[in-house]
Amino acid sequence: MPPTDAAPTGAALRDAAEALADELTALRREIHAEPELGRALPRTQQRVLAALDGLGLEITTGHALTSVTAVLRGALPGPTVLLRADMDALPVTEDTELPYASRIAGAMHACGHDLHTAMLVGAARLLAARRAELAGSVVFMFQPDEEGTDGGGAELMLAEGLLDASGELPVAAYALHVAANRLPRGLFASRPGIATANSDTLTVTVHGRGGHGSAPHQAADPIPVLCELVTALQTFVTRRFDVHDPVVLTVGSIHGGTKANVIPGQAGFEATVRSYSPEAREALREGTRTLLTGIAAAHGLRAEVHYRDGYPAMRNAADELALASDIVSQLFGPQRYFNASAPTPGAEDMAFVLDRVPGAYLMLGACPPDRDHATAAYNHSPQAVFDDAVLPDGAALLAQLALRRLAVASTAGSGTTGTAQAGTTGSAATGTAQAGTVASGTTGTAG
């Protein structure tokens, strides 16, 4: 079990979070009604700044993106813990008929980032009221562009000095992500080690020679070659990679040609490529290039192949996740934590932070009670709906993570949490969530 500490037991914190429920719900619904995409979220940023006003935080905003970084200095000496929420929406047209549905055409908070933002504001309010108990500092990271619309907001925040915000590197970092389906409402879930996949993009253009559709022998048709490349990739995945180190390759966009009787000069496709290990990622990077250029050359055409690294696989530190699962058990009961047996092929740019700082990332079921979590619309769907009732729980967990982690560091006199093993409190999960299904298709870019 994780080491004991001097932090509050949590009952008072849980009650205080419940007292914020109406305020957090109102904030979440304001953000939901006016979703913003990518790096530029001016309305969302202003709402966050207004919600943090008066809490005595040291606040900075981003330059390359509309981020908010807020530092809370505790009354007692100690290290720094980072808590993160993403704030951006998706280019999705909402189809929910909610009274607070998106008023912005072609934009929707279909992944629950509006809930994440409200939860982190709630955690800031809870912790600011407990400054006297806080043995160190807390950095609140409000991040645009997790969805990768303009290219990954976490990397930009890191480049702009996120980890130096308090004057020292955080000893731990934590984040939550809500799920519209798959998890029963209120169930927290995660796993030690790799939790999400590497997410890369493969872009291929086949260069041929255009001509008339009635005389293909006088042209160099890229269309049949393109089709052969797509099929070859599926065989490549199933025959070149270990089933115990799986990869996923999906061609999501094919483009080429203008009319039925015109052979185009070129055609192309884009694919998303997911993997879990550095070895598989490198084999995909090199193997796809060799395969695709070789097949095109065999037909006398040229394939231009671009493999672009996206988000890396996200790794939960076992000790940090053990602490988080123990806190869930103490706050809400051991039945509220579920230890997943397999990572999700989804991707998440919190991975960039957890590459630099040990930490934990947990999912939280937010399916409304009038829906079946097994069949409800998934994250990124135009019909995705999330239950605001989970907001106080998320805020309380984030706040208690900061309090407990700083208390542990203060008690131990170092920045470690000991040798606790993750998942020690997660054996009594409720509901019908099954191992290996947690968060599939529910996080970040991969959704």
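Residues are termed buried here when their relative accessible area is under 20%, exposed when it is over 50%, and partly exposed in between. By this criterion both Tyr-311 and Phe-352 are buried in the structure, which is a predicted model.

Tyr-311 and Phe-352 also form one of the aromatic pairs, of which the structure holds three. A further member of this group is formed by Phe-188 and Phe-332, whose ring centres lie 5.6 Å apart; their planes meet at 15°, so the arrangement is stacked. This pair brings together distant parts of the chain, since Phe-188 belongs to strand S6 (residues 188-190) and Phe-332 to helix H8 (residues 318-332), with the two positions 144 residues apart in sequence numbering. Phe-188 has a relative accessibility of 0% and is therefore counted as buried. Phe-332 is likewise buried, its relative accessible area being 11%. In the pair of Tyr-311 and Phe-352, the ring centres are 5.9 Å apart and the planes stand at 85°, so the geometry is edge-to-face. Here too distant parts of the chain are linked: Tyr-311 lies in strand S13 (residues 302-311) and Phe-352 in helix H9 (residues 350-354), 41 residues apart.

Phe-188 also takes part in strand pairing, standing opposite Leu-364 in S16. Strands S6 and S16 are paired in the antiparallel sense, over two bridges. Strand S5 (residues 172-179) pairs with S16 as well, but in the parallel sense and over seven bridges. Within S16, Tyr-361 has Ala-175 opposite. Strand S16 itself (residues 359-365) is largely enclosed by the rest of the structure, because seven of its seven residues are buried. In a regular strand, side chains alternate between the two faces of the sheet. In S16, Gly-359, Tyr-361, Met-363 and Gly-365 point one way, while Ala-360, Leu-362 and Leu-364 point the other way, and all of these residues are buried.

Strand S13, which carries Tyr-311, belongs to an open sheet of four strands arranged in the order S10-S12-S8-S13, with antiparallel pairing. Strand S10 (248-256) and S13 form the edges of this sheet, each pairing on one side only. From one strand to the next, the twist averages 15°. Strand S8 (residues 198-207) and S13 run antiparallel and are joined by eight bridges. Among the residues involved, Val-204 has Val-305 in S13 as its bridge partner. Helix H6 (residues 222-240) packs on the sheet and touches S8, S10 and strand S12 (266-275), its direction making about 10° with that of S12. Helix H7 (residues 278-298) lies across S8, S10, S12 and S13 and runs at about 165° to S13.

A polar side chain in a buried position is provided by Gln-143, located in strand S4 (residues 135-143). With a relative accessibility of 0%, Gln-143 counts as buried. The side chain of Gln-143 makes a polar contact with that of Arg-84, at 3.1 Å. When neighbours within four places in sequence are left aside, the residues in contact with Gln-143 are Arg-84, Ala-85, Asp-86, Met-87, Asp-88, Gly-153, Ala-154, Met-157 and Asp-349.

The cysteines were considered next. A disulfide is a covalent bond between the sulfur atoms of two cysteines. The structure holds zero disulfides. Cys-111 is buried, with a relative accessible area of 2%, whereas Cys-227 is partly exposed, with a value of 47%.

Backbone geometry was examined last. Most residues other than glycine have a negative phi. Glu-97 has a positive phi, near 60°. This residue is placed in the loop between strand S3 (76-86) and helix H4 (113-128), and Glu-97 counts as exposed because its relative accessibility is 77%. Arg-182 also has a positive phi, near 70°. The position of Arg-182 is in the loop between S5 and S6, and at 32% relative accessibility Arg-182 counts as partly exposed.

Terms used:
Residues are numbered from 1 along each chain as its sequence is written. This is a predicted model: local features need pLDDT of at least 70, side-chain atom pairs count only at pLDDT 80 or more; totals for chains, interfaces and linings use all residues. Side-chain values use heavy atoms; hydrogens and water are left out. Rings of Phe, Tyr and Trp (its six-membered ring) pair if their centres lie within 6.5 Å; planes under 30 degrees apart count as stacked, over 60 as edge-to-face and the rest as tilted. Buried means under 20% relative accessible area, exposed over 50%, partly exposed in between (1.4 Å probe, protein chains only). A disulfide is a pair of cysteine sulfur atoms within 2.5 Å. Two strands pair if DSSP finds at least two bridges between them. Axes are lines fitted to C-alpha atoms, for helices over the stretch in contact, and angles run from 0 to 180 degrees between N-to-C directions. Contact means heavy atoms within 4.5 Å. A polar contact is a pair of N or O atoms within 3.5 Å; within protein, one must be able to donate a hydrogen and the other to accept it, and residues adjacent in sequence count only if both atoms are side-chain atoms.
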